[in-house]
Amino acid sequence: RTELPALVYHPYGKGACLYSLAPLEQSKAVCDYDVFTGMIRSLLDEVGGITLDCQESEYLEHVVRHSPEKKHYTVSLLNYQTVKKIVPLHDISFTLKLDVQPQKVYTNLGADLSWSMKDGKLEIKLSKLDIYDVVYIEY
């Protein structure tokens, strides 16, 4: 403990907040990015929020959305490269923590994928991602 902390963790209701003096999310240094993502991952694991774990590529951007009224999750995937000719990503796998049993998992563009559920985690393997696709998880 210190009188002038650079990082503060504060539980709040059912969640928690991290306050950081340094703008870790804006840093271009790999070590700062790793620290920032580690802190966010730790927060999500602690409060039981939606967590998606994917370590395939620095070019893979993703957004997870939950629609309880429609009983599905969507995982939007983007192959974000700053080149004129985008190189497809292959053999992408990611894990999504769920508290429900999926009934159907498929992609918007009909890409080849496989999935399995174990210990509250849905593992999805996508064979190829050209530019974008959306994975739908119905329960």
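## Note on strand pairing, core and aromatic pairs

1. Strand 7, residues 104-107, pairs with strand 10 in the antiparallel sense. Four bridges join strand 7 and strand 10. One bridge matches Lys104 with Glu138 in strand 10. The model is predicted, and this note should be read with that in mind.

2. The overall layout comes next. The protein chain has one helix and 10 strands. Read from the N terminus, the order is β-β-α-β-β-β-β-β-β-β-β. Two strands thus precede the helix, and strands follow the helix to the end of the list. Of the chain's 139 residues, 23% count as buried. The exposed surface of the protein chain is about 9,900 Å². Carbon and sulfur atoms supply 52% of that surface. Among contacts with a separation of 6 or more, 55% are between residues 24 or more positions apart.

3. Which strands pair with strand 5? Strand 4 (residues 60-67) does, in the antiparallel sense and over eight bridges. Strand 10 does too, again antiparallel, over seven bridges. For strand 4, one facing pair is His66 and Tyr73, with Tyr73 in strand 5. For strand 10, Ser76 stands opposite Val134. Strand 10 also takes strand 7 as an antiparallel partner.

4. The connection from strand 4 to strand 5 is a hairpin with four residues between the strands. Lys71 is the residue to check here. In this hairpin Lys71 takes a positive phi near 55 degrees.

5. What makes up the largest nonpolar core? This core has 17 residues, and Leu77, Ile124, Val135 and Ile137 touch the most other members. Four elements give two or more residues to the core: strand 5 (72-79), strand 6 (89-97), strand 9 (121-129) and strand 10 (132-138). Strand 5 and strand 10 also pair directly with each other.

6. Val135 deserves a closer look. Val135 is one of the core residues that touch the most other members. Beyond its neighbours within four places in sequence, Val135 is in contact with ten residues' worth of side and main chain listed here: Tyr73, Thr74, Val75, Leu77, Phe94, Val105, Tyr106, Thr107, Leu113 and Ile124. Leu77 and Ile124 in that list are also among the core residues with the most member contacts.7. Thr74 lies in strand 5. Is it buried or exposed? Thr74 is buried, with a relative accessible area of 13%. Its contacts, leaving aside neighbours within four places in sequence, are Val63, Val64, Arg65, Val134, Val135 and Tyr136. In a regular strand, side chains alternate between the two faces of the sheet.

8. How many aromatic pairs does the structure hold? There are two. In one, the ring centres of Tyr73 and Tyr139 are 6.0 Å apart and the planes stand at 45 degrees, so this pair is tilted. Tyr73 sits in strand 5 and Tyr139 in the segment after strand 10, so the pair ties together parts 66 residues apart in sequence. Tyr73 is buried, at 4% relative accessible area. Tyr139 counts as partly exposed, at 24%.

9. The other pair is Tyr106 with Tyr136. Their ring centres are 5.3 Å apart and their planes are at 25 degrees, so this pair is stacked. Tyr106 belongs to strand 7 and Tyr136 to strand 10, and the pair links these distant parts of the chain, 30 residues apart. Both rings belong to partly exposed residues: Tyr106 has a relative accessible area of 27%, and Tyr136 has 23%.

10. Lys104 adds a further contact to Tyr106. The charged end of Lys104 sits over the ring of Tyr106, 4.9 Å from the ring centre. Lys104 is also the bridge partner of Glu138 in strand 10.

11. A last point concerns the N-terminal strand. Val8 is found in strand 1, residues 7-12. Val8 is partly exposed, with a relative accessible area of 32%. Val8 and Ser20 are 12 residues apart in sequence, and their C-alpha atoms are 6.5 Å apart. Setting aside neighbours within four places in sequence, Val8 is in contact with Cys17, Leu18 and Tyr19.

Conventions: Residues numbered from 1 in each chain as written. Predicted model: local features only at pLDDT ≥ 70, side-chain atom pairs only at ≥ 80, totals over all residues. Heavy atoms only, no water. Core = buried A, V, L, I, M, F, W, Y, C linked by side-chain atoms within 4.5 Å. Buried < 20%, exposed > 50% of the residue type's maximum accessible area, 1.4 Å probe, protein only. Contact = heavy atoms within 4.5 Å. Pairing = 2+ DSSP bridges. Areas by Shrake-Rupley, 256 points an atom, 1.4 Å probe, with all protein chains shown as cover. Phe/Tyr/Trp six-rings, centres within 6.5 Å; stacked < 30°, edge-to-face > 60°. Lys NZ or Arg CZ within 6 Å of the ring centre and 35° of its normal.
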